[in-house]
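This report is for a reader who has not met the structure before. It goes through one helix, a surface patch and some salt bridges in turn.

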Amino acid sequence: MIFSLAGNYLVNQNPDVNAAAKLLADDSKVEFIVVSDLYLSPSAKYADLVLPETSFLERWNIGNTWGTGNYFLLSEKVIEPAFERRSDYEWITEVAEKMGVKEAFTEGRSEKEWIAHLVDTNKTRFEDRPDFPNFDELQKTRRYLFKDKPFVAFEKNISDFENNPFPTPSGKIEIFSKRLYDMNNPDIPALSHYVPAIEGPEDKLTEKYPLQMLTWKGKNLANSTQYANPWLQEAQRQEAWINPIDAENRGIKNGDMVRIYNDRGITEIPALVTQRIIPGVVGLQAGAWWAPDENGVDHGGCPNVLTSTRMTPLAHGNSHLTVLVEVTKA
């Protein structure tokens, strides 16, 4: 069983969408899928049960920045949920009640009361910030701005090395890593040197797929969130960026429908012929929703139709950014 309550990762944001979809469709591997979402996203279409979630206007929350931002916002509930939408907290509370653990889960607090508790708890934590608002004050200001000291990497290690050694076996910055040496993995050598990328420009696969494909975060959405919003699509159309040299060699003109493909999949979208991308490289903005036709050809411009499930050697993360493809007129 899979519960997906936090995004469009099941299918759309996973590398190699076609492989992920095939796995999810196999009941012998995944018997039951529950998705909570505001939209019928590509991932939600693979759910046995879809729970319509609330928008940010229909629930209480706190909005903060990713990483080291210097503000946070109160996200207020301004309207009641429309239709049958319910917040995850509401329905999970009911499930907890049926399981006899409601009090342990909620600690007697509603959704709004949890937000108030978190704000007031943080006010207690930050005694050095006398202007830090309590919840009542935050409901009036709706935001809190602050300034932190500039971040300096390894500041403590450098200023007081004796008491703050580096997190390595020697406690120092290591040019040679004995731990990597013992792993004996050619992709992450013990002594740093250039390693040609898999599906990079020196890969033999370039004989079949000569173009590198890159992706980036767009200006009109966060990952795949709100991709179905027509206003945001108007702000940035999903297009395949290609250099004029590569376009001319393939008879492609600006606006032509093109086919981008490799052994993992095919996507068809309009071309943007531009010098803003170098020869030998094509680009697709990340986050577009997968829209396959009856033949499995994607018409949404989803880059993960083309990406690989190969994991990185040390962190075992996704390798979204090393992909070889070919582009032709559709």
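## Helix 1 and its surroundings

In helix 1, the buried residues include Val-17, Ala-20, Ala-21 and Leu-24. Seen down the axis of helix 1, the buried residues fall within an arc of 100°, so they line one face of the helix. An α-helix has 3.6 residues a turn, so residues three or four places apart point the same way. The model described here is a predicted one.

What do the buried residues of helix 1 pack against? They pack against strand 1 (2-4) and strand 2.

## A nonpolar patch on the surface

Helix 1 spans residues 17-24 and strand 2 spans residues 33-37, and Phe-32 lies in the loop between them. Is Phe-32 buried or partly exposed? Its relative accessible area is 33%, and buried would mean under 20%, so Phe-32 counts as partly exposed.

Phe-32 also belongs to a nonpolar patch on the surface. The other members of this patch are Met-1, Phe-3, Leu-5 and Leu-49. Together the five residues have about 480 Å² of accessible area.

## Salt bridges

How many salt bridges does the structure hold? There are 16 salt bridges. Three of them are listed below with the distance between the closest N and O atoms.

| Salt bridge | N to O distance |
|---|---|
| Lys-29 and Asp-26 | 3.1 Å |
| Glu-90 and Arg-86 | 3.2 Å |
| Asp-182 and Lys-178 | 2.9 Å |

Asp-182 and Lys-178 are four residues apart in helix 7, which covers residues 178-183, so about one helical turn separates them. Lys-178 is partly exposed, with a relative accessible area of 48%. Elsewhere, salt bridges that share partners join Arg-86, Glu-90 and Glu-94 into one network.

Within that network, Glu-90 has a relative accessible area of 36% and is partly exposed. Arg-86, at 27% relative accessibility, is partly exposed too.

In the pair formed by Lys-29 and Asp-26, which class does each partner fall into? Lys-29 has 56% relative accessibility and counts as exposed, because exposed means over 50%. Asp-26, at 25% relative accessibility, counts as partly exposed.

Conventions:
Residues are numbered from 1 along each chain as its sequence is written. This is a predicted model: local features need pLDDT of at least 70, side-chain atom pairs count only at pLDDT 80 or more; totals for chains, interfaces and linings use all residues. Side-chain values use heavy atoms; hydrogens and water are left out. Patches are made of residues with over 30% relative accessible area and no salt bridge: like charges are joined within 9 Å, nonpolar side chains (Val, Leu, Ile, Met, Phe, Trp, Tyr) within 5 Å. Accessible areas come from the Shrake-Rupley method with a 1.4 Å probe; for residues, only the protein chains shown count as cover. A salt bridge is a side-chain nitrogen of Lys or Arg within 4 Å of a carboxyl oxygen of Asp or Glu. Helices (H or I, at least four residues) and strands (E, at least two) are DSSP runs, numbered from the N terminus. Buried means under 20% relative accessible area, exposed over 50%, partly exposed in between (1.4 Å probe, protein chains only). The arc is that of the directions from the helix axis to the C-beta atoms. Contact means heavy atoms within 4.5 Å.
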